[in-house]
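Me: I want the reasoning behind the labels, not just the labels. Can we go through them one at a time?

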Amino acid sequence: MRNIFFVLWIYLASLPIHAQILNSPDQNMTLSFTLDQQGTPIYTLNYKGKEVIKPSKLGFEIVLSKLGIIDLTRNFTVISVTTDSEDSVWQPVWGEEKEIRNHYNEMLVKLSNTDRLMDIRFRLFDDGLGFRYEFPKQKILYDFIIKEEITEFNLAGDHNAFWMPGDYETNEYTYLTTKISEIAANRKKALTRIKTQVPIEDAAVQTPFMMKSDDGLYINIHEAALVDYPAMHLNVEVNDLKLRSHLVPDVWGGKGDVYTPGKSPWRTIIVSDDARRILASKLILNLNEPCQFEDVSWIKPIKYIGVWWEMFVGKGTWNYTDDTHIKLGITDYSKVQQNTTHSANTTNVKYYIDFAAKHGFDQVLVEGWNIGWEDWGGKVRSNLFDFVTPYPDFNVEELQQYAASKGVKIMMHHETGASVANYERRLDDAFQFMSNHGYNAVKTGYVGWIRPKGEHHDGQWMINHYIHVANTAARYKIMVNSHEAVRPTGLHRTYPNWLAQESARGTEFEAMAGLPPEHTTILPFTRLIGGPMDYTPGILQTIFSYHNPKKTKQAGTTLVKQLAYYITIYSPLQMAADLPETYDRFADAFQFIKDVAIDWDHTYILEAEPGDYITIARKAKGKNEWFIGGITDENARTANITFDYLPSGQQYIATIYEDSKTAHWQTNPMSYQIRKVVVTHKSNLKQYLAPGGGVAISIKEVTDKAEMKDLKKL
Ligand code: NOJ
Ligand code: CA
């Protein structure tokens, strides 16, 4: 008898449950969840009746120390399904909008697998889906190693994809645009710099992964709140048009240590039939935890210049000397021959401070100020960086006083050379040193192979490191700008002192390899989906042989497009990356960089198409000033710029920085005009953008009617 009940129980338990349906608040998005005959969790996603994700599996393979591999992709039963909803508004410390609406419907599915408990929490917004795995506190699943997360995204067609190859160490690639089915064949071509130690066998791509379907759906897959877990890449199963999670391994090959209660990051799918709504989405921020800090008064957006580009264009060096003394074991820098080109010297830094003070910049980044630059980058010798010992020609105290007297701050630079254990050991001393010397922002860097050996930039160990740095920095009221870190996942909501990250190819690649004009029309749909980027725009001298005949590259932009970046590449941390001399030469164009705001009340995405063009208008925080940036790829275009977000009944003066009719990113990049016109909320502007070009506009209220005299009305 007992056996019959048992068989019946097994039979009932293995019956597919009725699909559980969840709709988005506006009813356009529908999620369904079910268990199939094998007890495998399956979800689908539809948008306005179109399939976005076809039936796709959810689950894990895990390793338990005594039992070996456990299959958590089948034999599940449903314990309960509950729903919830949220509609609230919150204020970010800084951002593209002063208020963000968090509006979703939620479904929590509690599952059991031979008494092992795993929940899946779905949140459906008007602009997409977030879901994550949760492992509640339980008796027989205490801690485990992930062998692989089996999250599938089964696509409804052979979409166009904007992608870069999977790599555990770096996201500094250019993008390829191909059909999903062409990714595997093009992966080799895409791997312009293979850095990964562990070969990724499959056709793996990185997230944020952007797609456009033939019937006009824009779909973006990424993750939110990447905490204590490895980053997710996607394997592309080309024949079935299926994407599958591929977590970054640790030194042992494990893909994450989980302790219960524990949870995965959110897997996110942003969807719209309007590309502008992908850029406007706040889904990833909404899925992150609220700000961790009570006092945020010390956290401020920063506009800065830096002792930086002169090293990239071959006019200066980071290192004070060559590496002879290192080979000889000499540690006393007074005994070594100094380079004449060492940029971070007291006199030169004062020159930058003067320039910053004169033109209203908050900070001056100084790279190459500390010992250790002679031989670094993932080597044992990166341990020479101690982050508190300046080179003999960089006078910390004198510069501290000089900067303070001019109302400017120096931005600290911590290049770790990826010797991360060394950095962690010295972190408190380094931040204490900063705090003692008036620094409140640090640019960190992780160039090279991670030490401890075998860990990866995107693995769980490093994920925890980046957050540890942001948290520790906060204790010293320090803001962080991380380079070579994992791509962001919206954690700047929780840790708003983590102002920006690099985590993609930025301006440095203009000098090192060149960037194609389309690069920055893709970035906002990919890298920026997770958070702000320290792109370091503002290169007005776009041909670099001007500085040094050996530098043969040029920017993939016109001069004006560089101005537009201050709007199209959102960041609360914006650099004017070119040399002070360049800005003196192009003083009229530089005015836009001086004027442009870096914190916003509202953002209006006017036009957008990944890989082609972007036009954005933003209203400055707390001010009646608006700024517009428009960019195009290698093709000239006419942007259609509207002004209906301006309050009605008022006239405004718009200063338009535009490519000249003969401008071209390659042949005539620095050809531009500046004109002023009067605009109202009814104005409409058809604006020419040169190949690889852009437009930048600043808009101010008319305070004195005389200013409008002789100006054309739009
Ligand atoms: C790479 C960073 O992206 C760049 O900005 C920095 O100057 C160098 N590393 C040196 O740290
Ligand atoms: Ca970099």
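What follows is a short exchange on the labels and the values behind them.

Reply: Keep in mind that this is a predicted model.

Me: What makes the site of the calcium ion (ligand 2) irregular?

Reply: Its angles. The site has 6 donor atoms, with angles of 52 to 153° among them. Six donors count as octahedral if opposite donors are over 155 degrees apart and all others lie between 65 and 115. The values 52 and 153° do not meet that rule, so the site is called irregular. Ideal angles for six octahedral donors are 90 or 180 degrees.

Me: Which protein atoms count as donors of the calcium ion (ligand 2), and how do you know?

Reply: By distance. The cut-off for Ca is 3.2 Å. The protein donors lie 2.3 to 2.6 Å from the ion, so they pass. They are OE atoms of Glu172, Glu484, Glu502 and Glu508, with Glu502 listed twice. In sequence the donor residues follow the spacing E-x311-E-x17-E-x5-E.

Me: Why can the pair Glu172 and Glu508 be said to tie parts together?

Reply: Glu172 sits in the loop between β13 (160-163) and β14 (176-179), and Glu508 in helix α11 (residues 508-512), so the pair links parts that are 336 residues apart in sequence.

Me: What makes the approach of Glu502 to ligand 1 a polar contact?

Reply: A polar contact needs a pair of N or O atoms within 3.5 Å. An N or O atom in the side chain of Glu502 is 2.8 Å from an oxygen atom of ligand 1, so the pair qualifies. Glu508 has a polar side-chain atom 2.9 Å from a ligand 1 oxygen. For Glu484 the value is 3.0 Å. Taken alone, ligand 1 exposes 300 Å², and the protein buries 94% of that.

Me: Which residues surround ligand 1, and how do they divide?

Reply: The shell holds 13 residues. The closest are Glu367, Glu415, Lys443, His483 and Glu502. The shell divides into 5 nonpolar, 2 polar and 6 charged residues.

Me: Why is the bond between Thr260 and Pro261 worth a note?

Reply: It is cis, with omega about -5°. Most peptide bonds are trans. Pro261 lies in the loop between β20 (257-259) and β21 (262-263). A cis bond also joins Arg451 and Pro452, with omega about 10°. Pro452 is in the loop between β26 (441-445) and α10 (460-475).

Me: What is notable about phi of Lys48?

Reply: Phi is near 45°, a positive value in a residue other than glycine. Most such residues have a negative phi. Lys48 lies in the loop between β3 (41-47) and β4 (50-57).

Me: Where does the name "Glycosyl-hydrolase 97 catalytic" come from?

Reply: From UniProt, in an unreviewed entry, for residues 308-504. That span is 34% helix and 12% strand.

Conventions: Residues are numbered from 1 along each chain as its sequence is written. Chains are lettered from A and ligands numbered from 1 in the order in which they are written. This is a predicted model: local features need pLDDT of at least 70, side-chain atom pairs count only at pLDDT 80 or more; totals for chains, interfaces and linings use all residues. Side-chain values use heavy atoms; hydrogens and water are left out. A residue is near a molecule or strand if one of its heavy atoms lies within 4 Å of it. A polar contact is a pair of N or O atoms within 3.5 Å; within protein, one must be able to donate a hydrogen and the other to accept it, and residues adjacent in sequence count only if both atoms are side-chain atoms. Accessible areas come from the Shrake-Rupley method with a 1.4 Å probe; for residues, only the protein chains shown count as cover. Ala, Val, Leu, Ile, Met, Phe, Trp, Tyr, Cys and Pro count as nonpolar, Asp, Glu, Lys and Arg as charged, and the others, Gly among them, as polar. UniProt positions are given in the numbering used here, feature names are shortened, and annotations may be inferred rather than shown by experiment. Helices (H or I, at least four residues) and strands (E, at least two) are DSSP runs, numbered from the N terminus. Donors are N, O and S atoms within 2.8 Å of the metal (3.2 Å for Na, K and Ca); water is not among the atoms, so sites may look incomplete. Four donors count as tetrahedral if all angles lie between 85 and 135 degrees; four count as square planar and six as octahedral if opposite donors are over 155 degrees apart and all others between 65 and 115; anything else is irregular.
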